[in-house]
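Work through the exercises below with the sequence and the model open. Try each task before reading its solution.

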Amino acid sequence: MQYAAFLIILLVGAVVYTVYRSRMSQEQSDPPKQGKASNVISMEGHRKAKQNAADQLCSSCKKKNGKLIFYAQDDGSVIGLCKDCKVKAKKRDMLPL
């Protein structure tokens, strides 16, 4: 009877050890995660771009202007024009964006 109890305890110990080793090997084989992928966009790039908005050039006259109005051309490209070049856009019937 003592022999059977010893075998059962030994068998349970072997099962526990096997499960423990398999879990440890799975954790070691998985690469450490740097962070979850997400759809969150950092606002740092947006803030920097907004500060440099005054440095944009007019697509027509190439002058630096603080505020551009963007238009869609016939081929689908987008151009930014200053107030002085706005007349050119109206003559070509460009759509403002």
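**Exercise 1: The cysteines**

At 2% relative accessibility, Cys 82 counts as buried, the cut-off for buried being under 20%. The model is a predicted one.

Task: Find how many disulfides the whole structure holds, and explain the result for Cys 82 and for Cys 58.

Solution.
Step 1. Take the cut-off: two cysteine sulfur atoms must lie within 2.5 Å to count as a disulfide.
Step 2. For Cys 82, the closest cysteine sulfur is that of Cys 85, at 3.7 Å, so the pair is too far apart for a bond.
Step 3. For Cys 58, the closest cysteine sulfur belongs to Cys 61; the distance is 3.6 Å, which is again too far for a bond.
Step 4. The search of the whole structure finds zero disulfides.
Step 5. Burial can be added to the picture: Cys 58 has a relative accessibility of 1% and therefore counts as buried.

**Exercise 2: The nonpolar core**

Task: List the residues of the largest nonpolar core, then find which residues Cys 85 touches beyond its neighbours within four places in sequence.

Solution.
Step 1. The largest nonpolar core has nine residues. Three of its members are cysteines: Cys 58, Cys 82 and Cys 85.
Step 2. The core also holds Leu 68, Tyr 71, Ile 79, Leu 81, Ala 89 and Met 94.
Step 3. With neighbours within four places set aside, Cys 85 is in contact with Cys 58, Ser 60 and Cys 61. Of these contacts, Cys 58 is also listed in the core.
Step 4. For the chain as a whole, buried residues make up 10% of the 97 residues.

**Exercise 3: The sheet**

Task: Write down the order of helices and strands along the chain, then work out how the strands are arranged in the sheet.

Solution.
Step 1. The chain has three helices and three strands, and along the sequence they follow the pattern α-α-β-β-α-β.
Step 2. The three strands form an open sheet in the order S2-S1-S3, with antiparallel pairing.
Step 3. S2 (78-81) and S3 (95-96) are at the edges and have a single partner strand each, so one side of each has no neighbour in the sheet.
Step 4. S1 (residues 69-72) is joined to S2 over four bridges. Ile 69 stands opposite Leu 81, and Ala 72 has Val 78 as its bridge partner.
Step 5. Five residues separate S1 and S2 in a hairpin, and Gly 76 in the turn has a positive phi of about 100°.
Step 6. Between S1 and S3 there are two bridges; here Ala 72 stands opposite Leu 95.

**Exercise 4: Positive phi outside glycine**

Task: For Lys 62 and Asp 93, find the value of phi, the loop in which each residue lies, and whether each is buried or exposed.

Solution.
Step 1. Lys 62 is not a glycine, yet its phi is positive, at about 65°.
Step 2. Lys 62 lies in the loop between helix H2 (44-51) and S1.
Step 3. The relative accessibility of Lys 62 is 55%, so this residue counts as exposed, given that exposed means over 50%.
Step 4. Asp 93, also a residue other than glycine, has a positive phi near 55°.
Step 5. The loop that holds Asp 93 runs between helix H3 (86-91) and S3.
Step 6. Asp 93 has a relative accessible area of 63% and is exposed.

Key
Residues numbered from 1 in each chain as written. Predicted model: local features only at pLDDT ≥ 70, side-chain atom pairs only at ≥ 80, totals over all residues. Heavy atoms only, no water. Core = buried A, V, L, I, M, F, W, Y, C linked by side-chain atoms within 4.5 Å. Buried < 20%, exposed > 50% of the residue type's maximum accessible area, 1.4 Å probe, protein only. Contact = heavy atoms within 4.5 Å. Pairing = 2+ DSSP bridges.
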